[in-house]
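Work through the exercises below with the sequence and the model open. Each one gives a task and then a solution in steps.

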Amino acid sequence: MTDTDTTRIAIIGGGLTGLITAALLERDWATENKQKLGITIFEKSRGVGRMATRYRKPQTDSAEEWQWAMGVQSFSAKSDDFKHFIAPFIDANTLVPWQSRIAHIQSGHAEILADSSIDTPKHPCYISSPKMTSWGRAIAERLTHTEIQFKTRIAPLTDSAVNQQGKTPRTELYDEAGNSVGMFDWVICTAPNVQAAELFADTSFAAKDKISAPTMQACYTLMLGWQDKAHLPARLQDKTRQWSVLSIADGILDKIFIEHDKPEHGHLLPSVTIHADNAWSEAHVDEAQDVVRASLIKAVQDVLGWDAETAPTHIDMHRWRYAATTDNPLTPVPLMDVQKRWLVTGDWCGAGSIEACYQMAQASVTRVIQPS
Ligand SMILES: Cc1cc2nc3c(=O)[nH]c(=O)nc-3n(C[C@H](O)[C@H](O)[C@H](O)COP(=O)(O)OP(=O)(O)OC[C@H]3O[C@@H](n4cnc5c(N)ncnc54)[C@H](O)[C@@H]3O)c2cc1C
């Protein structure tokens, strides 16, 4: 690949926005451009997908395991474009429809659980199978003009890294050790907005002020495991429980998910994921983690009603520092500096959902393919 006949695009972040951006660029590039395409995704962690992830805990003495989708649980597909994009992954069984059964209670009223009515989602919902990371990996595997550099944290950009001497500007990116990772015709940043703000803080990026506009809230995730179904508390027993998702209003918890109820998850040891309320999580984000954990466990015990015999055998907690956006979607998207050919985007520019990742990717690809 030479620099003269190839348009080189850097994508910062290998979450779903970054991966879908690469996939749509590869899909739409050839019809609009004569130049070759070379994409590099820079991801600071060791894997793709970030918030679309799972945590597993194998048993030491058997092949059985607990598994929790600790970030996104499932996602909906509303637009025809997005449905079209996910169709091949549904055909390949990487995405599986999930018709969850949702019960609703007010905090402190778990006694009405057995009588509460059951809803189902308004739009088709999907989970990634066999685990939440599978879809991100499947998107990555289908990319043919993209390399992914893991464990590479891009350092904050500077205006002086933009070379304006050719027909179009090119930006040199560096990793955090100060090593150059290449020159690029376009830079698309898909990091969460607080991290994106840090990356562009010392630049004259045209839309810099808007990066910090959406307010992000945290989310604590609690992951519970039981040794077998016989030891589940009565409210989680299959014979008494109608719901697979329990939504709890006005308390510190938001939702409880039964992982072993999901399609193709029946082999799991009993695994239950709990997302705390976003506002509560944000208010307690810097509190001592053992205090937060104790509060959450107490709240979940109040709902599920376990005793010494039916208490979970395994408990883990994760803190998502930037989990949900509380503001209206930004317009226009992506945030863009046309002169430098820098784009800043991510689910936080939209509704903070997987479908928003797709919408943001689509908007970025349109701007790169037709910049003016
Ligand atoms: C608890 C929770 C529950 C959720 N529930 C739902 C749901 O039910 N339905 C739904 O649709 N969505 C849900 N979501 C939201 C969904 O997970 C996100 O919308 C989506 O995963 C965001 O993807 P992204 O690529 O925009 O961001 P991210 O997944 O955050 O990816 C950004 C990537 O950038 C990388 N990065 C950052 N800075 C750098 C740097 N300097 N150099 C290199 N790499 C960098 C990060 O490591 C990360 O991998 C939930 C999220 C959470 C946390």
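Two strands count as paired if DSSP finds at least two bridges between them. The model used throughout is predicted.

**Exercise 1. Find the order of the strands in the open sheet of three strands, and name its edge strands.**

Step 1. Read the order across the sheet: S5-S9-S6, with antiparallel pairing.

Step 2. Look for strands that pair on one side only; these are S5 (75–76) and S6 (95–97), the edge strands.

Step 3. Check one pairing in detail. S9 covers residues 125–128 and is joined to S6 by three bridges in the antiparallel sense. In this pairing, proline 97 lies opposite tyrosine 126 of S9.

As background, strands of a sheet pair through backbone hydrogen bonds, either parallel or antiparallel.

**Exercise 2. Describe how S3 and S4 are connected and paired.**

Step 1. Locate the strands: S3 spans residues 55–58 and S4 spans residues 65–68.

Step 2. Determine the pairing. The two strands run antiparallel and share four bridges.

Step 3. Follow the chain between them: a hairpin of six residues leads from S3 to S4.

Step 4. Find a facing pair. Proline 58 is opposite glutamate 65 in S4.

**Exercise 3. Describe the surroundings of the ligand, and state how much of its area the protein buries.**

Step 1. List the neighbours. There are 32 residues around the ligand, and Thr17, Glu43, Arg50, Asp347 and Ile354 come nearest.

Step 2. Assign elements. H1 (16–32), H4 (193–200), S19 (314–325) and H8 each give at least two residues to this shell.

Step 3. Sort the shell by class: 15 residues are nonpolar, 12 polar and five charged.

Step 4. Examine side-chain N or O atoms facing the ligand, using a cut-off of 3.5 Å for a polar contact. Threonine 17 has such an atom 2.6 Å from a ligand oxygen. For aspartate 347, the distance to a ligand oxygen is 2.7 Å. Glutamine 195 has a side-chain N or O atom 3.4 Å from a ligand nitrogen.

Step 5. Turn to area. The ligand alone exposes 1000 Å², and the protein buries 91% of that.

**Exercise 4. Characterise the second largest pocket by volume and lining.**

Step 1. Its volume is about 400 Å³.

Step 2. The second largest pocket has 17 lining residues; those nearest its centre are Thr7, Gln35, Thr168, Asp185 and Arg341.

Step 3. The elements that contribute two or more lining residues are S1 (6–12) and H8 (354–369).

Step 4. By class, this lining has five nonpolar, seven polar and five charged residues.

How values were computed
Residues numbered from 1 in each chain as written. Predicted model: local features only at pLDDT ≥ 70, side-chain atom pairs only at ≥ 80, totals over all residues. Heavy atoms only, no water. 1 Å grid on protein atoms, 1.4 Å probe; cavity = no way out; pocket = protein on both sides within 12 Å on 5 of 7 lines; lining within 4 Å. Points joined across faces, edges and corners; volume = space filled by probe spheres on them. Nonpolar A, V, L, I, M, F, W, Y, C, P; charged D, E, K, R; others polar. Near = heavy atom within 4 Å. Polar contact = N/O pair within 3.5 Å; in protein donor to acceptor, adjacent residues only side chain to side chain. Areas by Shrake-Rupley, 256 points an atom, 1.4 Å probe, with all protein chains shown as cover.
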